[in-house]
Amino acid sequence: MPKRSITKADVRGKRALVRVDFNVPLRDGEVVDDTRIRAALPTIQYLLDQGAAVVLATHLGRPKGKADPAYSVAPVARRLSELLGQRVAMAPVVAGPEAERAATALNPGDVLMLENMRFEPGEEANDADLAADLARLGDLFINDAFGAAHRAHASTAGVAKLLPAYAGLLLQREETVLSRLLTDPEQPFVAVLGGAKVSDKFAVLEHLLGRVDALLLGGGMANTMLLAQGHEIGSSLAEPELVKDARRLVESARERGVLMLVPTDVIIAQSLDSTQAKIATVEAIAPDEAIFDIGPETVGRFCQQIAGARTVFWNGPMGVFEQKPFANGTLGVARCVADARAYSVVGGGDSLAAVDAAGVSRRIDHVSTGGGASLEYLEGRVLPGIAALPDA
Ligand code: ADP
Ligand code: MG
C-alpha cells in the first residue's frame, strides 16, 4: 500500500522535520562516500523550493545512546552544505530547548541539522518522550530514511504518530521498486544471491522462491547448498546446521519449477592470503582448500540467465571480492547485470561496493540505499518506519 506522499503536503511557510539516512562512512572527519546524502537531496530541495524550512534528523554509526564526538554529524552537515550550495546550521543536540530555539529561528529556505539521533538512548528504545521532543521541532514529519525503515525508533516510527506524516521521495521510490519485485515483476525474474552466510539470506530466498523464475546462488552461502548436494567443500565457510533447510529449499524450488543454479566451478585456495588461487570443479576440492569465489564457467551460466531476464534482483557478492584473486566472479556478474536488458535492482551494502568497484552503478536501474531494510522488505516483512506513515 503506497504511503501519503510529501507531494500532497502543504509545506509553504512550515517547518518540516525530515528523517534521513545519512549513516555514511567517515574517515578523518570527512565523508568518504556521500551516496546516501545525494539520494535524499530531491526531498530536501523539493521542500526548500516549496518554501519550507527543513530540520534534518539522522543517525550515524553506533554511539550506543551516548554523545560521542567521533560520531558527530557535523562532517555530514558540511558535506550537505556543499551539495546544496547553501548554509546548513548545526544543532549540537538531538532535541530539547536548545534544538527548539534553533528550529524556531529558521526562515523558509533554511536548513538545520540535528545531532546524531543515537546520542540519545531513547532513540533506539522508541521512547515516547524523545518522540514528543522531536515532534516539537516541526509542523509536519517526512520520513525519507528508507535505510532505517526496518527499525522502530523514536525518529522513524515514534514521531510519525505525533505529527502529520508523509513519505519522502526516496522512501517512495524504494518502496515502489521493491514492492513491484514482490507483486508484479516483469518475467523472467531472476534473483542472484550471494554474501557470506546463508542464514542471513534464508528468509529472502524463501520469500522470493514463490516469485522468481530462477535463483542463482554464489558466495559463501552457496557453500552450504553445495554441502546439501553432497559435495566435499574442504575448509570453506559454511553452515552445516542449515543443510536440512537447504535441502528443503532445493525441493521447494523443484516443486515450483524454479531453476536453482549453484556453482559448478569455483576459485579455491588454502587461505585468503594465498597467492595460489586456482580454478576447480566443485567435485575436486581437497580438505585443506576453501572456496573464495565462483569460477568462470559459473559466471557464464549465471550471465546466460541474467541476459534472458526482464527483471533482475541482486544481493550479495559472489566471492571475497575485497581481494583481487577472488573478485572476478562478483565483477563479472556485476557487468552482466549492467549489460542485461532487464530492469535491474541491487541491494546490500557490500553489493553496492561491488557494483561501484565494477564501475557499473550508473547502469543499474535501482541501487537501493537500504541494505538491511531492502532485505527485510523482500522477506515480506512490514517495515515499522513505513507502517507508521498514513496510507495514500
Ligand atoms: P551485502 O552487504 O551485499 O548484503 P553480505 O554482507 O551478505 O553482502 O556478504 C558480503 C561478504 O561476503 C563479503 O565481505 C565477502 O567477502 C563475503 N563472502 C562472499 N563469498 C565468500 C566466500 N566464498 N567465503 C567467505 N566469505 C565470502
Ligand atoms: Mg554486508
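**Ligand 1 and the pockets and cavities of the predicted model**

In this predicted model, ligand 1 is surrounded by 18 residues, of which Ala196, Lys201, Glu322, Asp350 and Ser351 are the closest. Divided by class, the shell around ligand 1 comprises six nonpolar, nine polar and three charged residues. Three elements, α9, β14 and α13, each give at least two residues to this shell, and the largest share, three residues, is supplied by α13.

Polar contacts to oxygen atoms of ligand 1 involve both side-chain and backbone atoms of the protein. In the side chain of Glu322, an N or O atom lies 2.5 Å from an oxygen atom of the ligand, whereas for Asp350 the atom concerned is a backbone N or O, at 2.9 Å from an oxygen atom of ligand 1. A polar backbone atom of Gly349 is found 3.4 Å from an oxygen atom of the ligand. Taken on its own, ligand 1 has 580 Å² of accessible area, and the protein covers 83% of this area.

The site occupied by ligand 1 is the second largest pocket, which holds about 550 Å³ of space. This pocket is lined by 37 residues, and those closest to its centre are Gly195, Ala196, Lys197, Lys201 and Pro317; Ala196 and Lys201 are also listed among the closest residues to the ligand. At least two lining residues come from each of α8 (198-209), α9 (219-228), β14 (290-294), α13 and α14, with α9 giving the largest share, five residues. The lining of the second largest pocket is made up of 14 nonpolar, 14 polar and nine charged residues.

The largest pocket, for its part, has a volume of about 970 Å³. Its lining consists of 34 residues, with Arg36, Gly349, Leu352, Thr369 and Gly371 lying nearest the centre; Gly349 also provides the backbone atom in one of the contacts to ligand 1 described above. The elements that contribute two or more residues to the lining of the largest pocket are α1 (35-49), α13 (349-357), β17 (366-367) and α14 (371-378), and α13 supplies the largest share, five residues. By class, this lining divides into eight nonpolar, 15 polar and eleven charged residues. Helices α13 and α14 thus appear in the lining of the largest pocket and also in that of the second largest pocket.

Enclosed space was examined as well, and the structure was found to hold two cavities of 30 Å³ or more. About 50 Å³ of space lies in the largest cavity, whose lining is formed by Asp21, Arg36, Ala40, Asp144, Ala145, Phe146, Gly147, Leu170 and Thr369. Four of these lining residues are nonpolar, two are polar and three are charged. Arg36 and Thr369, which line this cavity, are also among the residues nearest the centre of the largest pocket.

The second largest cavity has a volume of about 30 Å³ and is lined by Ala196, Lys197, Gly220, Thr224, Leu237, Ala238 and Glu239. In this lining, three residues are nonpolar, two are polar and two are charged. Ala196 and Lys197, both part of the lining of the second largest cavity, are likewise listed among the residues closest to the centre of the second largest pocket, the pocket in which ligand 1 sits.

Definitions and conventions:
Residues numbered from 1 in each chain as written. Chains lettered and ligands numbered in written order. Predicted model: local features only at pLDDT ≥ 70, side-chain atom pairs only at ≥ 80, totals over all residues. Heavy atoms only, no water. 1 Å grid on protein atoms, 1.4 Å probe; cavity = no way out; pocket = protein on both sides within 12 Å on 5 of 7 lines; lining within 4 Å. Points joined across faces, edges and corners; volume = space filled by probe spheres on them. Helix = DSSP H or I, 4+ residues; strand = E, 2+ residues; numbered from the N terminus. Nonpolar A, V, L, I, M, F, W, Y, C, P; charged D, E, K, R; others polar. Near = heavy atom within 4 Å. Polar contact = N/O pair within 3.5 Å; in protein donor to acceptor, adjacent residues only side chain to side chain. Areas by Shrake-Rupley, 256 points an atom, 1.4 Å probe, with all protein chains shown as cover. Sits in = over half its atoms within 2 Å of the grid points.
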